[in-house]
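The following exercises ask the reader to work through strand pairing, burial and internal space in one protein model. Each task is followed by a solution in steps.

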Amino acid sequence: MASSMFTDKVKITIKSGNGGDGMNSFKSFKGFANGGPDGGDGGKGGDVYIVGDKDTNDLVAYRYGGKFVAGDGERGGTNNCFGKSGNDVVITVPLGTLVRDAETGKILCDVYTDGERKLLAKGGNGGKGNVRFTTARRHAPHFAQKGEKTFPHDLILELKVIADVGLIGFPNVGKSTLLSKISAAKPKIANYHFTTLSPNLGVVKYYDRSFVAADIPGLIEGAADGAGLGHDFLRHIERTRMLVHVVDISGMEGRDPYEDFKKINAELKEYSEKLASLPQIVALNKCDVYGAEENKKVFKRKCRKYKVYPITAVTGEGTRELIEAIFAVLDTLPPPEPIPADEFSYEKEDVNEFFIEKDELENVWYITGGLADMLERNVVLSDPDSMAYFQKVLKDKGVIRALRDRGVKEDDTIVLGGVEFSFKD
């Protein structure tokens, strides 16, 4: 039952850490209570990374989703001490994991090599301590800056197996047996349909050369429409450079080998033209069974487009010729490459953007957006200099004008973040 737990597509939530607040403090000595400012900066919030691990096979660790939250930066200290940075979070995934933004579907990255580390979300900057706000005119600022806040994001992790060669075919045609014979892979093998519930990978070594083969779970008619194991596993052959189509030539199960071959190729074409256009060779398996010889002749006569190699996977007969044919095809193909990422990253809010909403019942105006968040971080109501800066920004950025255009009246209440004040024209 363990193989049925294979998980290759999950949704998770990530959040980088908030920046720590800057410290507002002053030096204090015995007999000298109020020295100069000495508040340190807040620590940076932790980042969220994703890293590829060749020893991880699937995404079962994230099967039930989960939230991955980096540590917040610590508040700045007295005596110009910086706050400690928040701890990073590292998400470990198998090679071939595609990371998408759940909202837009954009590709953030394709984790392709072992140890590859990608930044998914950057932590918030720490706020500046009051010592940073001293000027020639302002010797004792009584305010500090708050740390940057960050927001959660939903991601889709989707595993697309990295293999040079995909073994395809109907269930029970001998793909797992073939893989176990030509590589060191030990897939579970039994004589019933849909034994393979996850793609088995094997490294095929031949003298000083090698390639990676993936035994793709058996396709059935309707797979391209999601029937059976359909879409869940068709995605695993999207990366392969070529296909080996394994056909049960014995006809033991009462099916026509050539009709099976046509049906699988029709499913591939319906799912993806790219897949259908991959180089393909045919391995006619179970050639040792009575009646296979006649079926082989009929198949070869009907199938002239592809090169055909008779094998008996159980004994290994014919597999050497098959491996040599695979290398011959691979030598003509370009090397595999990761799927390119989209031009996408989690941008910080635009500090010039603002929105105005009015609560008609309470006669209260709410200002939100990046500008509001920035002002909330930077303004201390109890400090005259800070309030002067606050009013100047509202005017310069067009907030006052926009409020007037919307019909604000004298003494109406304005709410911006955690700040509430009366409008004075």
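**Exercise 1. Cysteines**

Is Cys81 buried, partly exposed or exposed, and what is its relative accessible area? Then classify Cys109 and state how many disulfides the model holds.

Solution. The coordinates belong to a predicted model.

Step 1. The relative accessible area of Cys81 is 41%. Buried requires a value under 20% and exposed a value over 50%, so Cys81 is partly exposed.

Step 2. For Cys109 the relative accessible area is 3%. Since buried means under 20%, Cys109 is therefore buried.

Step 3. A disulfide is a covalent bond between the sulfur atoms of two cysteines. With a cut-off of 2.5 Å between cysteine sulfur atoms, the count is zero disulfides.

**Exercise 2. Strand β6 and its hairpin**

Determine how many residues of strand β6 are buried, and describe the pairing of β6 with β5.

Solution.

Step 1. Strand β6 comprises residues 107-111, and five of the five are buried, so β6 is largely enclosed by the rest of the structure.

Step 2. Strand β5 (residues 97-101) pairs with β6 in the antiparallel sense, over four bridges. Within this pairing, Arg100 has Ile107 of β6 as its bridge partner.

Step 3. The hairpin of β5 and β6 has five residues between the strands, and Gly105 in this hairpin adopts a positive phi near 80 degrees.

**Exercise 3. An open sheet**

Give the strand order of the open sheet of three strands and identify its edges.

Solution.

Step 1. The order is β4-β2-β7, and the pairing is mixed.

Step 2. Strands β4 (89-93) and β7 (117-121) are the edges, since each pairs on one side only.

Step 3. From one strand to the next, the twist averages 30 degrees.

Step 4. Strand β2 (residues 48-52) runs antiparallel to β7, and four bridges join them. Val51 lies opposite Arg117 of β7.

**Exercise 4. The partners of β11**

In which sense does strand β11 pair with β9, and in which sense with β10?

Solution.

Step 1. Strand β9 (residues 165-168) pairs with strand β11 (residues 209-215) in the parallel sense, over three bridges. Gly166 has Ala214 of β11 as its bridge partner.

Step 2. Strand β10 (residues 200-206) runs antiparallel to β11, and seven bridges join the two. Tyr206 is placed opposite Arg209 of β11.

Step 3. Two residues separate β10 and β11 in their hairpin, where Tyr207 in the turn has a positive phi of about 55 degrees.

**Exercise 5. Internal cavities**

How many cavities of 30 Å³ or more does the structure hold, and which residues line the largest and the second largest?

Solution.

Step 1. Rolling a probe the size of a water molecule over the atoms shows where empty space is left. The structure holds two cavities of 30 Å³ or more.

Step 2. The largest cavity contains about 50 Å³ of space. Its lining consists of Gly169, Phe170, Val173, His245, Val246, Val247, Asp248, Pro257, Asp260, Phe261 and Ile264. Both β12 (242-248) and α3 (257-271) supply at least two residues of this lining.

Step 3. By residue class, the lining of the largest cavity has seven nonpolar, two polar and two charged residues.

Step 4. The second largest cavity contains about 40 Å³ of space. It is lined by Asp248, Gly251, Met252, Glu253, Arg255, Pro257 and Asp260, which divide into two nonpolar, one polar and four charged residues.

Terms used:
Residues numbered from 1 in each chain as written. Predicted model: local features only at pLDDT ≥ 70, side-chain atom pairs only at ≥ 80, totals over all residues. Heavy atoms only, no water. Pairing = 2+ DSSP bridges. Axes fitted to C-alpha atoms, helices over the stretch in contact; angles between N-to-C directions. 1 Å grid on protein atoms, 1.4 Å probe; cavity = no way out; pocket = protein on both sides within 12 Å on 5 of 7 lines; lining within 4 Å. Points joined across faces, edges and corners; volume = space filled by probe spheres on them. Nonpolar A, V, L, I, M, F, W, Y, C, P; charged D, E, K, R; others polar. Buried < 20%, exposed > 50% of the residue type's maximum accessible area, 1.4 Å probe, protein only.
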